[in-house]
Amino acid sequence: MRRSIFLIIPALLAGCEGRHNWLASAGAEAQRVEDLFWVLLVGAAVIWGIVIGAAVYAHRRQVDPSLETQARRFILWGGAVFPTVVVGALLVWGLVILRDITSDEGDLTVRVDGERWWWRVIYETPEGDVVTANEIRLPVDRTALFRLTADDVIHSFWVPALGGKMDMIPGRETTLALTPIETGNWGGLCAEYCGGAHALMRFDAIVMEQSAFDSWLEAEAQPAEIAAGDPGFEIFQEEGCGACHTIRGTEAQGPVGPDLTHLASRDKLGAGIYDMTPENMARWITDTHAMKPDIDMPPYPDLQGERLDRLVAFLMSLD
Amino acid sequence: MTDEIDLSRLPPPEPYDEARDKAQRKRLMDVWREPPGWKIISAVNNSYIGKWYLLTSFAFFTFAGILALMIRMQLAVPGNDLFSQQLYNQLFTLHGTAMMFLFAVPIFEAVAIIILPEILGARDLPFPRLSAFGFWCFIIGGIFVCGSIFFGVAPDGGWFMYTPLSSDPAYSGLGTDIWLLGLSFIEVSSIAAAVELIVGVLKSRPPGMRLNLMPLYCWYVLVVAGMILFAFPPLIAGDLLLEMERAFGWAFFDPDRGGDPLLWQHLFWIFGHPEVYIIFLPSIALIATMLPTFAGRPMVGHSWIVLSAVGVAFLSFGLWVHHMFTTGLPEISLSFFSAASEAVAVPTGIQIFCFIATMLVSRVRPSVPMLFAGGALAIFVFGGLTGVMVALVPFDWQAHDSYFIVAHLHYTLIGGMLFPLFAGIHYWYPFVTQKALNARAGKWSFWLMFGGFNVAFLPMHWTGIMGMPRRVWTYDLSDGWALLNMVSTIGAFVFAAGFAVLALNVLWPRGKAPLVKRNLWNAGTMEWAAEVPDKPWGVRSIPYIHTRYPLWEQEGLVDQIDRGEWFLPDAEEGKRELIVTDILDARPLFVQRVGGPSFLTLGAAFCLGASFILATFHLWTITLIFGAGFVGFTLWWLWTGTSLIPEKPEKYAGRGLTLPTYAQGNRSPGWWAVFITMTGDMTAFMGLVFSYFFYWTALPDFLPSAEHLPSFAWLLVGLALLIGAWGMTVGARETLGRGQRGLSMALLIGALPVGALGIGAWGWSAYAKGLDPTAQSFDAMVWMLILWPALHLLLNWVMSLYVAARIKFGHCTPEYRADLMNLALYSHFLALTVITIFALLALFPLLMGVGS
Amino acid sequence: MRHGSDEQPRHFTPPGDAPRVIDQGSVWILVAAPSIWAAHFLLSYWVAAIWCAKAGPMASLVEPRWIIVALGLISAALIAWLGVIAVRRYGGVFVIFEEITESSERGRDRFVGHVALLLCVLSVVAIGFTVIPGLVFATC
């Protein structure tokens, strides 16, 4: 265990920010489920109390043959009629919510493709597709329709604070509608086990005001601004990074890995798992598999010193 | 029925004669004694096999439990690097797999093998050697699957092995093959046990135990074994498709070649959800058997419990898609399964309320088993209530694959299965060992486990709500899951300590401890009639039963049994004998002779296990050699042990009852075993039929154009020949019945080439049109639908040759022809299969307008 | 009633009788009602699945909705008929503290009839549950 327990305890209490909490009320769909949850929780607690109470009472009391009639009613009403009515009512309620929260239309459409173990994100705009990765920004109070696909194995797209999850299945397209109602940086996860680094397949879902979102999307649609003869970019190309990664506006057009055009504008590195800092970036390049085991990107341990610094500086300039 | 025997008006028993009693006891002992020393491994009697089965299952439980503790250690603190990602993925996969396949289902079989014959007042189950075979398959397969982790090649795809993660060799290695073949092998043993138990309940009841008098435990066993028969085969079909894709590249799950990953999920969960109830019902059965004992009165609402067991069994087959709520199926389809998932709460509620009502009208004696039963109720009801929550689709969209589900499933399984089982361990331990468990240690283990369990799993609901997905090997401090996980880890270790106390209590050597008194708990069911110290024969004489709780309601029954006043008190011919009765009223039909200790079953299990294990490594030649060894051992076992012509056609069974010593057709347990096995086989086939229609619904262009369909004419020719082969087999049965032995043999052997030509014509119909199973899902499906009857035909040939040889050597005669009747029954099912396949391959495309 | 599969060696007449399949006294009535539920469930699922897959996701579900309801009514009627058989032919009753422990064919019949009747009620309830989604959803 890397860290001492004592260091953790204060951090534990501070760490409950609940970025992934279903009950954070950050999305309209999550809110419907939250309403359902509180009723279910209270109902379940009451029913559990009554059943266990009945069992304890039955165990403690003396035999009374006249109770046979009561016991008979108890089975019929408590064991058969009551559950039928309760689960029937819940079923109808659940189905109505289901009908309400599913939608085939949205104010904006985002295609997300699950890869091992990161997210390819494509915003559909009237001017064409805007490609990014591992971070999803959404305007508040607008319904976003996610069109979900997967390239290799099954993944599942989940932003608990905004709403339910939906699987991403190779060969199919699934859809999910989410309507954020509160701005903030919410956590997104892969919920379906996809092998290897499943635990490290995250993303940030950042909910913004409409105007801020519009300017972000416009910036995101632009190609990268790279100074002519940037030494970092030359190292990038010499090391062959462009074979896998795309930087729009340059000859680096690799389709395999995440799009790096506006890499440094993202909060996190490595599919939502490390802060975007030069130190993390340098380690990511040289010691990749220690930070995220099993991924396809090869480590470049020989890249050291000035070359590494220049490459990192270049990547951190892609905002 | 004119020749019916009125069991209630039997002549009185012969007066007691001590010398006769002694002589009879000695003869019984000689017949039922188990082999000495190391040869004990050839034992087949239910009391030995059952005990071994139980201990082996618990060994796998302990193993899987240690894996769980390792999981909890890894998750105790954030950012932990105690175990690597790769090892962790193997840990949780193997934990789930071992708990489900190597503990939860086998333990049901183990307990049933130990107590079912005794509750039925029978000396053994109808196929003791089959039980032994099943046990050895189970232990070989289990060690193979579990052992893989010590070589770092354990399966790591999660216990439900979703495709394409599991189907594409680029994403998953040898572990997946180990999982597939190891578990297919264990499924075979589960189905063997299911057949054994169904026939046991239907045909081995004591004379007079009509359906309305049958103990609740037997109802549950019947229902659960029936569920196994319909739930496991679709998974075997799925395993077959998946292994064909992995080993030979057939296109079933690869979307680029017209396959669909969701097909696996359907096949898996058609098995996987009933499985939950297959695990749950037998444990509830234990409570339903114990509770009347401690309440001192019959169960209130006996028939309501039968209703709920049957009702749950059916409804549980309409729930499977609730594991697939997030796969993007149309909402209306999801809703049907949500509806069934809610509806299943009703019969489950009835069961629980019957238990409480029984307690309400009686005074329940406090005891360790009842303590565990109470804990089970508290935990299970909670798990059931969260089950009602997750059955609602919108709620499940949040809860699915999160720790909320992990908590929910452990509440249902540990409350619904493990705690009742522990109650049963405390209740029946004195029955199995004739020694008493330490009650103090029992209470300690209960409170440690009950407390530890809730500390571990109650916070997990909240961990799920905080958004922690399952199957993650690490998390970050900033996720806010650290405290909850630490609490869960502490709880898990407390739980483990409780189990250690229980294990120590059970395994503690009690060689010098005094024997318990007979019928320790003053129970009403027949297993407690056993003598102390126990005898290998089970019951001294097989009584006439005319009440639900014979030990309470039939006065003097135990003494009558002991004095040998009832049926089969003797073993004059030196054979192990059981009474077979009819399904409805348990009227005695005949005396069945069952096999004694044998190494043949061991050899058969060893060879079958070796061939499955070698197939994992694609060592096809030695696989085939061991496969042939399996066939050889099995035939030897059948030849020397089944359908033997008795030395006399009937024998005196006592109390004026003379019974035949041979039966064939639907009176013989063997015929029922074939019928039940083939029902399971048809279910597996239905899995393939389902797959065919699934592709058709899911993929718009599944059916190719007319020129790529297998040729109609050749399919028709093949069908005619295959039906011809079936007709010849049926003809052989008829001609042998008329005494024409030569003609019968000729028909049997003649059916071989006819069938071969038929399947050849089918193969040609696909081959000539260039259908390539590695290219397209349709082609793969067609070839699978040809391969399936081809494999069955291969088995049919072996059986035909075997029966022909039996006729030749006079073991199967015009009068005694059970073997041939069973073969004919098998071929009926085969005929039904080929007709269905013809409809799918030739008629369905025509109907859809794409045929020629 | 003798079937080919019930022929025994000829020297003696065994007591008892083979199980009956459809007569009074058969046990199949126990699984008949839940089987009707299962058939209704699968048919409803198939109707919806084929409709959704073959008629396009936005197609109106008006027709399948009424198919599902009609299937439900037919199934319920079939089960009601089974219930009548369970009461009339088997003497099934609707009680909880049943004492159908009489050791006779009549006792066994009454027990089977009683359980069959309970299963009829449960199956009708389950069919009702299956019809609900058909009423709630108008589209795929």
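Below are exercises with worked solutions on a predicted model of chains A and B.

**Ground rules.** Local features need pLDDT of at least 70 and side-chain atom pairs count only at pLDDT 80 or more, while totals for chains, interfaces and linings use all residues. Residues are numbered from 1 along each chain as its sequence is written, chains are lettered from A, and side-chain values use heavy atoms, without hydrogens and water.

**Exercise 1. Describe the interface of chain B and chain A.**

Step 1. Count residues in contact (heavy atoms within 4.5 Å). Chain B contributes 90 residues and chain A contributes 88.

Step 2. Take the buried area, meaning the accessible area (1.4 Å probe) that two parts lose on being put together, summed over both. The two chains bury about 7,700 Å² between them. Carbon and sulfur atoms carry 71% of that area. In chain B, the residues that lose the most area to chain A are B:L360, B:W397 and B:Q398. Together they give 11% of what that side buries.

Step 3. Search for salt bridges (a side-chain nitrogen of Lys or Arg within 4 Å of a carboxyl oxygen of Asp or Glu). The rule finds three across this interface. A:R202 and B:D479 meet in a salt bridge through their side chains, at 2.8 Å, N to O.

Step 4. Count polar contacts. These are pairs of N or O atoms within 3.5 Å; within protein, one must be able to donate a hydrogen and the other to accept it, and residues adjacent in sequence count only if both atoms are side-chain atoms. Between chain B and chain A there are 23 such residue pairs, both at pLDDT 80 or more.

Step 5. Locate the chain B side. Helices (H or I, at least four residues) and strands (E, at least two) are DSSP runs, numbered from the N terminus. Helix α10 (residues 345–360) of chain B supplies the largest share, 11 residues.

**Exercise 2. Analyse how the two domains of chain A meet.**

Step 1. Set the bounds, which come from an automatic or database domain assignment. Domain 1 of chain A covers 1–61 + 102–208, and domain 2 covers 231–316. Their C-alpha centres lie 28 Å apart. Each domain puts 19 residues into the contact.

Step 2. Compute the area. Domain 1 and domain 2 of chain A bury about 1,400 Å² between them, 49% of it on carbon and sulfur atoms. On the domain 1 side, A:W117, A:V131 and A:L200 supply 30% of the area, more than any other three residues.

Step 3. Count the polar links. There are zero salt bridges between these domains. Nine residue pairs are in polar contact. On the domain 1 side, β10(A) gives the most, with four residues.

**Exercise 3. Classify the ring pair B:F61 and B:F499.**

Step 1. Apply the rule: rings of Phe, Tyr and Trp (its six-membered ring) pair if their centres lie within 6.5 Å; planes under 30 degrees apart count as stacked, over 60 as edge-to-face and the rest as tilted. It yields 109 aromatic pairs over all chains.

Step 2. B:F61 and B:F499 are 4.8 Å apart, centre to centre, with 70° between the planes, an edge-to-face pair.

Step 3. Place the rings. B:F61 sits in helix α2 (residues 46–75) of chain B, and B:F499 in helix α15 (residues 482–507), 438 residues apart.

**Exercise 4. Find unusual backbone geometry.**

Step 1. Recall that most residues other than glycine have a negative phi, and most peptide bonds are trans.

Step 2. Check omega. A cis peptide bond joins B:T163 and B:P164, with omega about 0°. Another cis bond joins B:V532 and B:P533, at about -10°.

Step 3. Check phi. A:N134 is not a glycine, yet its phi is positive, about 65°. A:N134 lies in the loop between β3 and β4 of chain A.
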